[in-house]
Amino acid sequence: MRLSTLLLALGLSLAAAATAKPLVYCADASPEGFDPGRWDSSSTANATRQIFEGLLRFERGGTRLEPELAESWTLSPDARSLTLKLRAGVQFHERPGFRPSRTLNADDVLFSFQRFLDPKHPYNQALPVVYTYPQSLGLDRQIEGIDRLGELEVRFRLRKPNVVFPTYLAMPFAGIHSVEYATQVLKAGRPQALNNEPVGTGPYRFRRYVKDEVLRLEPHPGHWGQARRAEQLIFAIAREPNVRVQKLLAGECHITSPLRDVDVATVMKRPDVAQLHQIQALNISYLAFNLKRPLFQDRRVREALDIAVDRDAVFRALFPRGDATQAVNAMPPAIPGWNPQLRNEFDPARAKHLLAEAGHPNGFAIELWALPVARPTNPNGQLMAQLIQQDWARIGVRATIRTFEWGEYLKRANKGEHDIYMSGWSGDTGDADDFLAPNLSCASSKGGVKFCNPAFDALLERARESRDEAERVRLYQEANALFKRERPWITMAHSTIYIAARKDVKGFKMAPNGGVEFEGVVRE
């Protein structure tokens, strides 16, 4: 490089550093942890995706696959082998007590994924944990092996064809760890450090975290990317939606987590202060039955509770702007494979008849868990629960509403302590597999709590194996019809997502699922 060019580049770099400002994101909940393989909530993914990178990624604002830590990838013609060439010179983060001695290589990839496949892996022996999303996908049954083809080349071998497998490598759970760091903390008897003191390759590195208060990140000085970064990235955790809006308008934060319907008008009144980003998101909210309970193993009971819900009344109360749509399938209409023949129903009289048929003419008592955090598809879990409680009372079902702190709510639901609980999902890929497999396949059902239907699983398998898009659409439509017949969920809403930012924030793009990434996002 010529000296003049070098000096110019150095000058630009110093100028950028001098003008960088802190960026504060008002988050709606605390991350559950920082090992991305262990968690699947959107609040956690928003934090970990700043710290960790995957082999592949989705384009900013879209669902098209792009290279990230892998420069290229090749799926074999039979869709049973995926080969990836890694990017050279990728540096891991430094942190107190750890300075990496080398850059990313194939060993880091093998470590990151073999944890998901082998319960006897040394890390799993030291700290047995549940890898929520990999387990829900059944990765241990899908992947036959991972080969180290060279310092910067790996190959995934699959037991069956899977045309959507490359998309898994771009999901938040697939962030790549440093095996060097993992080995160090294992030797020190501190395996939990991978979750509490994370080391990744992302544009920001972990600095400090106080649960329910703040997460502080700082720029990774050795990051391979060229996009600008803030001087600091701060997650200010504020669980109350109106508090987040007020902090934005007061300049205490610069971007907020998604707004509720009722908050959009407040922000729109201040165009001098804030800008509004919106997207018709790939999301769904629903009520899930605990299918381990004998009561809910009778499909007639599930159908009765479904058709007793007056969704029109719920939507008038929770979505006054009219930007949400009622969910009918297990995924939004924008996803290929959505079945247009399916319908929701509101018929309390038939619901009572179904309960009587099932042996419950006088109803029964159950618990309904209300979502403790505001989500675009469920902006007020308590209000939704109260409205549904009233609907069920009309058919003799007595529902007691319970809720917990967000982390406790997720933990208890995963253990199957609920009768019926509110949940939701946001898709990354734009493919039906991303909605159906992690939530409704047998692999996702621990101990029979969730839906497990061999015929449904067979449809997903056939769709994964096919390169014929028309056939895949037909198979997913059939899967949605089976889902609607069995009703493991009471489907509720798909929503538009609104994220507000201060006027001086530049470079922000919403992901189709409403997620946030802050590389290239700065204040000017």
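This is a short group-meeting talk on the cavities, two helices and two buried side chains of a predicted model.

Okay, thanks everyone. Remember as we go that this is a predicted model, so let's just walk through what the coordinates show.

Let's start with the empty space. General point: rolling a probe the size of a water molecule over the atoms shows where empty space is left. How many cavities of 30 Å³ or more does a search of the whole structure find? The search turns up three. The largest cavity holds about 860 Å³ of space. Its lining takes in 50 residues, and the ones nearest the centre are D40, S41, S42, G424 and W425. If you want to find the walls on screen, look for helix 2 (42-51), helix 5 (132-137), strand 13 (283-289), helix 16 (406-414), strand 17 (420-426) and helix 17, which each give two or more residues to that lining. Helix 2 gives the most, with seven residues. And the chemistry of the lining? For the largest cavity we have 21 nonpolar, 22 polar and seven charged residues.

Now the second largest cavity, with a volume of about 150 Å³. There are 15 residues around this one, and A288, F289, Y421, V449 and K450 are the closest to its centre. Strand 13 and helix 16 are the elements that give two or more residues here, and strand 13 has the largest share, three residues. By class, the second largest cavity is lined by nine nonpolar, four polar and two charged residues.

Back to helix 17, since we just met it in the wall of the largest cavity. Why can we call helix 17 largely enclosed by the rest of the structure? Because eight of its eight residues are buried. Reading along, those are D433, D434, F435, L436, A437, P438, N439 and L440.

Helix 17 also helps cover the next element, helix 19. Helix 19 runs over residues 469-486, so that's 18 residues, and spans 26 Å from first C-alpha to last, close to the 26 Å expected at 1.5 Å a residue. At its N-terminal end, D468 acts as a cap, with a side-chain oxygen 3.0 Å from the backbone nitrogen of A470. Just after the helix comes R487, with a positive phi near 55 degrees. The buried residues of helix 19 are R472, L475, Y476, A479, N480, L482, F483, K484 and E486. What covers them includes helix 12 (299-307), helix 17 (433-440), helix 18 (454-465) and strand 18 (489-494).

Two single residues to finish. First up, H223, which sits in the loop between strand 9 (214-219) and strand 10 (233-237). Is H223 buried or exposed? With a relative accessible area of 8%, H223 is buried. Its side chain makes a polar contact with the side chain of E53 at 2.8 Å, and a polar atom of that H223 side chain lies 3.0 Å from the backbone nitrogen of G225. Leaving out residues up to four places away in sequence, H223 touches E53, T201, G202, P203, R229 and E519.

Then there's Q142, in helix 6 (residues 139-142). Q142 counts as buried too, at 11% relative accessibility. Its side chain reaches the backbone oxygen of L137 at 2.8 Å. Q142 and K160 are 18 residues apart in sequence, with their C-alpha atoms 6.8 Å apart in space. Among the residues Q142 touches are R157, F165, Y168 and R464.

That's my tour, happy to spin the model around for anyone.

Definitions and conventions. Residues are numbered from 1 along each chain as its sequence is written. This is a predicted model: local features need pLDDT of at least 70, side-chain atom pairs count only at pLDDT 80 or more; totals for chains, interfaces and linings use all residues. Side-chain values use heavy atoms; hydrogens and water are left out. Helices (H or I, at least four residues) and strands (E, at least two) are DSSP runs, numbered from the N terminus. Buried means under 20% relative accessible area, exposed over 50%, partly exposed in between (1.4 Å probe, protein chains only). Contact means heavy atoms within 4.5 Å. A polar contact is a pair of N or O atoms within 3.5 Å; within protein, one must be able to donate a hydrogen and the other to accept it, and residues adjacent in sequence count only if both atoms are side-chain atoms. On a 1 Å grid over the protein atoms alone, a cavity is a set of points where a 1.4 Å probe fits but cannot get out, and a pocket is an open set with protein on both sides within 12 Å along at least five of seven lines; lining residues have an atom within 4 Å of a point. Grid points are joined across faces, edges and corners, and a volume is the space filled by probe spheres set on the points. Ala, Val, Leu, Ile, Met, Phe, Trp, Tyr, Cys and Pro count as nonpolar, Asp, Glu, Lys and Arg as charged, and the others, Gly among them, as polar.
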